[in-house]
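Visitor: I'd like a close look at one part of this protein rather than a full tour. Could you pick a charged pair, start there, and work outward through whatever it sits in?

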Amino acid sequence: MYQKCIENYPQSWDKSCIQQKRALTKCSEENVGILKFVKHHCVLQIKAYDECLFSNKDDPEKCVQQLKELYFCTEATSIAYRDQEQAKKTDAPATVESTKTD
């Protein structure tokens with residue numbers, strides 16, 4: 001729905017599609033574990049980048065440094081998440097069917 005809204009309102013999508021954007025964000029946060037993990041661990045970088053974009057609407061290139069910091073945080077956090085998920089899989093007890101011999 002968000003994509004269709006953007007296509008339907010190319011000149012004003014940032015204002016016209018707020019409801020669809022919020023719905024997509026909520027769905028992603030609730031259903032994509034890595035997204036929750038990144039948003040939790042990179043909260044300061046996300047906030048800094050959002051604030052920079054808000055303050056520099058006419059010149060978002062001023063926010064390149066904040067974007068780089070956000071990128072590095074998300075990359076490091078993604079690796080940590082994958083490692084954590086892998087550890088969960090290897091730490092989980094293997095299901096072994098016991099065989100009974102008479």
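Guide: Let's start with Glu 85 and Lys 88, whose side chains meet in a salt bridge, 3.1 Å from N to O. Keep in mind that this is a predicted model. As background, side chains of opposite charge can pair when their charged atoms come close.

Where do Glu 85 and Lys 88 sit relative to each other? They are 3 residues apart in helix 6, which covers residues 64-91, and so about one helical turn separates them. The general rule is that an α-helix has 3.6 residues a turn, so residues three or four places apart point the same way. As for exposure, Glu 85 has a relative accessibility of 25%, so it counts as partly exposed. Lys 88 is partly exposed too, at a relative accessible area of 48%.

A search of the whole structure turns up 2 salt bridges. Besides the pair in helix 6, there is one between the side chains of Lys 15 and Asp 14, with an N to O distance of 3.9 Å. Here Lys 15 is exposed, with 65% relative accessible area, while Asp 14 is partly exposed at 43%.

Back to the helix itself. Helix 6 has 28 residues, which at 1.5 Å a residue should span 40 Å. Its end C-alpha atoms are 40 Å apart, in agreement with that figure.

Now for the buried side of the story. Which residues of helix 6 are buried? They are Leu 70, Cys 73, Thr 77, Ser 78 and Tyr 81. The cover over these buried residues includes helix 4 (33-41) and helix 5 (43-55).

Helix 4 is worth following in detail. Its axis and that of helix 6 come within 9 Å and cross at roughly 130°, which means that helix 4 is oblique to helix 6. The crossing of helix 4 past helix 6 is right-handed. On the helix 4 side, the residues that meet helix 6 are Gly 33, Ile 34, Phe 37, Val 38 and His 41. Their counterparts in helix 6 are Cys 73, Thr 74, Thr 77, Ser 78, Ala 80, Tyr 81 and Gln 84.

Zoom in on Ser 78, which has its place in helix 6. With a relative accessible area of 11%, Ser 78 is under the 20% cut-off and therefore buried. What does Ser 78 contact once its neighbours within four places in sequence are left aside? The answer is Ile 34 and Val 38, and both of those are among the helix 4 residues that meet helix 6.

One stop before helix 6 is also worth a look: Asn 56, in the loop between helix 5 and helix 6. At 18% relative accessibility, Asn 56 counts as buried. Apart from neighbours within four places in sequence, Asn 56 is in contact with Lys 62 and Cys 63.

Finally, here's the setting for all of this. The protein has 6 helices and 0 strands, so to speak an α-α-α-α-α-α run from the N terminus on. Of its 102 residues, 16% are buried. Among contacts with a separation of 6 or more, 38% are between residues 24 or more positions apart.

Definitions and conventions:
Residues numbered from 1 in each chain as written. Predicted model: local features only at pLDDT ≥ 70, side-chain atom pairs only at ≥ 80, totals over all residues. Heavy atoms only, no water. Salt bridge = Lys/Arg side-chain N within 4 Å of Asp/Glu carboxyl O. Buried < 20%, exposed > 50% of the residue type's maximum accessible area, 1.4 Å probe, protein only. Helix = DSSP H or I, 4+ residues; strand = E, 2+ residues; numbered from the N terminus. Expected span 1.5 Å × (residues − 1). Contact = heavy atoms within 4.5 Å. Axes fitted to C-alpha atoms, helices over the stretch in contact; angles between N-to-C directions. Parallel < 35°, antiparallel > 145°, perpendicular 65-115°, else oblique. Left-handed = near helix turned anticlockwise from the far one by under 90°.
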